[in-house]
Amino acid sequence: MNIKEKLDFFCQLIQCSHKLSLHSYPPELLFTASGLTQDTASADDDAMFFLSLGEPIRKHIEKKIREPLLIDDYLGLIWIVAFEYGETALRGIHALGPAYSGRNSYQNIKKELDRHNLSVSSRIKVFKIFDQIPIVPTNQLYQYAAMLHYCVTGTRIKEKDIRLTEKASEKPSSSEVNLITEEHRGIWLAEQEFMNMLREGNPNYAEALARSHSLSDGPRFDVGNSLRRAKSTSIVLLTLCSRAAIEGGVNPSVAYTLNDYYMQMIEDCQSLAEATATCHTLLEDYVHRVQQGKAAKAISGQIKSICDYISIHIREKLSLSQLAQQAGYTEYYFSHKFKNEMGCSVADYIKHEKIQQAKLLLSGTKMSIQEISEELSFGSRSYFSSSFQKETGLSPSEYRERNVKI
């Protein structure tokens, strides 16, 4: 089967469950439509598609990312976009959608349209169109994206490889991230598998989480908007992670401090993409700390306690004298004991831990490099950048470009 035949078959399968349309476009239309206005493009549905969603698609292509893209537009509609490449160049863009990501999306669109003085006949026509758009749970959309990508490229990918964009418009929206599932069969076992992996510090936790997502999209509750729901679901995940990490050997004070820190990060998220990236960041952080704890069994209780203290206060300026006093030793004895057990100086250990935290903030947040430098008390951006490059071989901006999750 060629790509067109695969896509036709895929579209027929999808429509057995959801009435989603598949649109295929030549790459040049992306750049033709970018010079249009809504008035001049109004008669051309293809041009209108790129006029409204072209920016995130262009950014995705410019970053040379070949995995599919989920676009959350300002009306709360979700589009899945896959990219067909030849040996060197982009040959086609394939878009599946639109879909509502939750039950309140339709109401949000209605509120948006109520702000405009439409005639009764126009309102009827518009709402008739929106009535036909299906509601598809986010976990199902990710599965559709993976299947669409396979049809186009022949390559299998996982949920973590798929990007969820920022809004396709700066206008505020509230598309619902998850549709409440009607069945609970198998959720407990899948959740326990995920929790056990966190307790063990198993880096394959993402696979267990994906299996859990395939059964449930989160707790059963309705809220006023989708971003609030995403934040609430993220906080539930955060709570589970912190408890599993404690059971995996992480100091409770460290786990609870992280819990407070990431809860504030979740509350500060302004989009579904940010909330998703924050979840990835906190998961990586907790698993890393469980792994550290299991690798540090031969370390004395006093030094382990100091390492936990550094973790809790990693965003502050920490000195040798302060830590020696905390341990109850002289500076000379403490520095030698720490180096003998940890294999590095106190200053190097602190710098390493700060850079580990900086990696998470660079990949999982929109904080500027200056803000991250200040957040971790590096003293100056130049010192932060040089320290980061010395340890990782990359500048902070290069690391962000290669590892960004938003």
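Which residue lies over the face of Tyr 261, and at what distance from the ring centre? In this predicted model, the residue is Arg 315, at 3.5 Å from the ring centre. Arg 315 is buried, with a relative accessible area of 17%. The residue is found in the loop between helix 13 (301–312) and helix 14 (320–327).

Arg 315 also takes part in a salt bridge. Its partner is Glu 375, and the closest N and O atoms are 3.4 Å apart. Glu 375 belongs to helix 17. The two residues are 60 apart along the chain, so the pair links distant parts of it. Glu 375 has 26% relative accessibility and therefore counts as partly exposed. Arg 315 thus has a ring on one account and a carboxylate partner on another.

A second charge-over-ring contact was found elsewhere. The charged end of Arg 66 sits over the ring of Tyr 85. The distance to the ring centre is 4.1 Å.

Salt bridges were then counted across the structure. Side chains of opposite charge can pair when their charged atoms come close. The count comes to nine salt bridges. One of them joins Asp 285 and Arg 289, with the closest N and O atoms 2.8 Å apart. Both residues are in helix 12. Because they are four residues apart there, about one helical turn separates them. Asp 285 and Arg 289 are both buried.

Lys 337 and Glu 341 form another bridge, at 3.0 Å from N to O. This pair lies in helix 15 (residues 331–342). Here too the spacing is four residues, so the partners are about one helical turn apart. Their cover is given by their accessibilities. Lys 337 is at 17% and counts as buried, because the limit is under 20%. Glu 341 is at 27% and counts as partly exposed.

The nonpolar interior was examined next. In soluble globular proteins, nonpolar side chains tend to be buried together. The largest nonpolar core in this model holds 39 residues. Seven residues touch the most other members: Phe 194, Leu 198, Cys 241, Tyr 262, Leu 282, Leu 283 and Tyr 286. Several helices supply at least two residues each. Among them are helix 8 (187–200), helix 9 (205–215), helix 10 (226–247) and helix 12 (272–295). Helix 16 (346–364), helix 17 (369–375) and helix 18 (381–392) also do so. Helix 11 (252–268) is on the list as well, and helix 11 gives the most, with seven residues. A second core is separate and has 27 residues. Its members include Ile 78, Ala 99, Tyr 144 and Ile 157.

Aromatic contacts form another group. A pair of aromatic rings is described by the distance of the centres and the angle of the planes. The search of the whole structure finds eight aromatic pairs. One of these is formed by Tyr 329 and Tyr 333. Their centres are 4.9 Å apart, and the planes stand at 65 degrees, which makes the pair edge-to-face. Tyr 329 is partly exposed, with a relative accessible area of 22%. Tyr 333 is also partly exposed, at 45%. Elsewhere, Phe 378, Tyr 383, Phe 384, Phe 388 and Tyr 399 form one aromatic cluster.

Nonpolar side chains also appear at the surface. Met 1, Phe 9 and Leu 13 make a nonpolar surface patch of about 350 Å². Leu 13 lies in helix 1 (residues 3–14). At 47% relative accessibility, Leu 13 counts as partly exposed.

Finally, the backbone has some notable points. The peptide bond from Gly 97 to Pro 98 is cis, with omega near 0 degrees. Pro 98 is found in strand 4 (residues 90–100). Lys 64 is not a glycine, yet its phi is positive, at about 60 degrees. Lys 64 is located in the loop between helix 4 (45–62) and strand 2 (69–72). With a relative accessible area of 71%, Lys 64 is exposed. Ser 377 also has a positive phi, near 55 degrees. This serine is in the loop between helix 17 and helix 18. Ser 377 is partly exposed, at 22% relative accessibility.

Conventions. Residues numbered from 1 in each chain as written. Predicted model: local features only at pLDDT ≥ 70, side-chain atom pairs only at ≥ 80, totals over all residues. Heavy atoms only, no water. Patch = residues over 30% accessible without salt bridge, like charges linked within 9 Å, V, L, I, M, F, W, Y side chains within 5 Å. Areas by Shrake-Rupley, 256 points an atom, 1.4 Å probe, with all protein chains shown as cover. Salt bridge = Lys/Arg side-chain N within 4 Å of Asp/Glu carboxyl O. Buried < 20%, exposed > 50% of the residue type's maximum accessible area, 1.4 Å probe, protein only. Phe/Tyr/Trp six-rings, centres within 6.5 Å; stacked < 30°, edge-to-face > 60°. Lys NZ or Arg CZ within 6 Å of the ring centre and 35° of its normal. Core = buried A, V, L, I, M, F, W, Y, C linked by side-chain atoms within 4.5 Å.
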